[in-house]
Amino acid sequence: MMTAEIFLRDFVFDCFIGIHHFERGVRQRMQLNIVLQVASIIPPQDDIALVLDYDYLRLQTLALVRERVFETQEYLLGNITDIAFSEPAVCGVNIEICKLDVYPDSAAVGCRLALSRAAYQGLRDAGHWLQA
C-alpha cells in the first residue's frame with residue numbers, strides 16, 4: 001500500500017474574518033497548512049499533466065477570500081475543504097487554518113480537520129456540510 005501526499009505549508013493570506021466589532025472591515029492574517037492524499041505522486045514520465053498541479057488550491061483560496069467576509073474559521077475551513085475535494089485525484093485531506101494575530105501571547109489560534117473523500121461525501125449527502 002502506498003501513501004502519497006502533496007502539501008501546502010505556511011501559506012499566509014489576508015482575509016475579512018471575525019465576529020467581534022474590532023474585526024469587522026479589517027483584514028486579518030491567516031495561515032493555511034494542508035495535506036492532500038492522492039493515490040500516487042510518481043508519474044510514469046516527467047510531465048505536469050500527469051501529476052496533481054496544486055496551484056488550484058492556492059489560487060482558488062485567494063479568490064475565495066478576496067472579497068468575501070467570514071465570521072468563523074470553521075466555515076472558512078469548510079470552504080477550503082470544498083476546494084481541495086474539487087480535484088478528483090484527492091482522496092483525503094488534513095487541513096489546518098489559523099489566525100496569526102489574535103492574541104499577543106499566542107502564535108496562532110485555529111482549527112484542524114482530517115477527512116477522507118468518502119466521509120466528506122457522506123456528510124454532504126446527509127446535509128451535514130456547508131449549506132449553499
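**Exercises on a predicted model**

Asp10 belongs to strand β1, residues 4-17; strands (E, at least two residues) and helices (H or I, at least four) are DSSP runs, numbered from the N terminus. The model is predicted, with local features requiring pLDDT of at least 70 and side-chain atom pairs pLDDT 80 or more, whereas totals for chains, interfaces and linings use all residues. Residues are numbered from 1 along each chain as its sequence is written, and side-chain values use heavy atoms, leaving out hydrogens and water.

**Exercise 1.** Determine the sign of phi at Asp10 and state whether Asp10 is buried, partly exposed or exposed.

*Solution.* Step 1: phi of Asp10 is positive, about 55°, although Asp10 is not a glycine. Step 2: most residues other than glycine have a negative phi. Step 3: the relative accessible area of Asp10 is 45%; buried means under 20%, exposed over 50% and partly exposed in between (1.4 Å probe, protein chains only). Asp10 is therefore partly exposed.

**Exercise 2.** Classify the crossing of α2 and α3 and identify the residues that meet.

*Solution.* Step 1: the axes of α2 and helix α3 (residues 117-125) come within 12 Å and cross at roughly 120°. Axes are lines fitted to C-alpha atoms, for helices over the stretch in contact, with angles from 0 to 180 degrees between N-to-C directions. Step 2: angles under 35 degrees are roughly parallel, over 145 roughly antiparallel, 65 to 115 roughly perpendicular, and the rest oblique; α2 is therefore oblique to α3. Step 3: Thr81, Asp82 and Phe85 of α2 meet Arg117, Tyr120 and Arg124 of α3, where contact means heavy atoms within 4.5 Å.
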